[in-house]
Each structure stands twice: as C-alpha cells, then as structure tokens.
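The following exercises treat a single protein model, each with a worked solution. Please inspect the sequence and the coordinates before starting.

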Amino acid sequence: MDQTEANHAKIEGIRQACDRLPTALYLLSARHGDNRAGILVPGVQQCAADPILLSVPVRAGHRIDPLIRDSHVFALSAVRPEDRAMRRRFELHLSAEEHHDPFDALAVLTLETGAPILRTSPVAFDCEVVRHGDMDADHELYIGRVLAARVGSEGPEPTRASLIGALHPE
C-alpha cells in the first residue's frame, strides 16, 4: 500500500468513526433588524453546564454570519432529517447577496432574543453568543449561552451523521 492509499484509508476510518457519534439536525436562525436567515447545522453539543453553553458548527461564509455578529444572538430549532421542505428551504449555501426572507410563510415564534424559532420544532434553544471561533476550516464555531428553551411533545432522536446526509452542496 502506497502513502496515498494509506492516507485515504486513514481518512475513511476517521469518517466511519465520526459517523458513530450521535447527532441531530438543527436549524440555526438569527435576526438583526428586519433581516432573518437560517442554516441547517449537523448537530449541537452542550459544552458547559454552569452556565449552560451550546457549541454549534456553522458553514463558513453563510449570510447568517453578519446577522449573528451584529445581534450577538441565535436560536436553534430541531428539524427532523426526513423533513424535505425544511431541507430545501435551508440547506443551500446562500450568499450575503440573497435578499429573500426564508421564514416567510413559516409558523415561527420568538423567545427572548427575537431570533425565529420553528413553531413545530420538538425542541428549541434561544442563545446569546459568548464565543465565536474561526477554525480555518469549512465551518466556524459559535458558543451560545442558553437564555431560554422550549420543549414540545417529543425531542429529536439522535442519529448517525450519514443518515442526515450531506448539507450545503457546492
């Protein structure tokens, strides 16, 4: 086995191991002024208990970045991976030049921050940004302090990343 094949096998082994990490699909949303944006994110992780902090990976360069930067808040709404309508609406990698409101005609509510939350979401979090990290990778990392939460009748079921599928096709 040559070096290229060995590296490919190593990377494939890492991908298979990462696929076994439990995850769920969430809609990250933000609002600043009259502008709202959302992007599907492949999982959310609690990273502290006091205060309760959540870490969220966000595709770098999405139009949601300046809204979060300027408002210092975001919301997370659980989305069922099989919900094709939400995937069509929010999984495209939209640039800052896109001016439509992706939340038009959706039933949304707000908690403390004013960021839109899907009314049908089984669980949602309203967060204030405490850290933002540019990871020198295809995703950035936001850390949010949970200000409020909403729980519906049933929460999201953890699943494997491969069952959620690829987000944000280029």
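A residue is called buried under 20% relative accessible area, exposed over 50% and partly exposed in between (1.4 Å probe, protein chains only). The model is predicted: local features need pLDDT of at least 70, side-chain atom pairs count only at pLDDT 80 or more, and totals for chains, interfaces and linings use all residues. Residues are numbered from 1 along each chain as its sequence is written, and side-chain values use heavy atoms, with hydrogens and water left out.

**Exercise 1. Determine what share of the protein is buried, and describe its order of helices and strands.**

Step 1. Of the 170 residues, 41% count as buried.

Step 2. Helices (H or I, at least four residues) and strands (E, at least two) are DSSP runs, numbered from the N terminus. The protein has 4 helices and 9 strands, and along the sequence they follow the pattern α-β-β-β-β-α-β-α-β-β-β-β-α.

Step 3. With contact defined as heavy atoms within 4.5 Å, residues 24 or more positions apart supply 67% of the contacts that have a separation of 6 or more.

**Exercise 2. Establish where the buried residues of helix H2 lie around its axis, and what covers them.**

Step 1. In helix H2 (residues 64-71), the buried residues are Ile-64, Asp-65, Leu-67, Ile-68 and Ser-71.

Step 2. Viewed down the axis of H2, these buried residues fall within an arc of 165 degrees, so they line one face of the helix. The arc is taken from the directions from the helix axis to the C-beta atoms.

Step 3. The cover over them includes strands S1 (25-32), S2 (35-41), S4 (52-59) and S5 (73-79), together with S8 and S9.

Step 4. Just after H2, His-72 adopts a positive phi of about 65 degrees.

**Exercise 3. Count the aromatic pairs and characterise that of Phe-90 and Phe-103.**

Step 1. Rings of Phe, Tyr and Trp (its six-membered ring) pair if their centres lie within 6.5 Å; planes under 30 degrees apart are stacked, over 60 edge-to-face, and the rest tilted. This rule gives 2 aromatic pairs.

Step 2. Phe-90 and Phe-103 form a tilted pair, with 5.2 Å centre to centre and 45 degrees between the planes.

Step 3. Phe-90 lies in helix H3 (residues 84-90) and Phe-103 in the loop between H3 and strand S6 (108-109), so the pair ties together parts 13 residues apart in sequence.

Step 4. Both Phe-90 and Phe-103 are buried.

**Exercise 4. Is Asp-136 buried or exposed, and where is it found?**

Step 1. Asp-136 is found in the loop between strand S8 (123-134) and strand S9 (139-151).

Step 2. Asp-136 has a relative accessible area of 77% and is therefore exposed.
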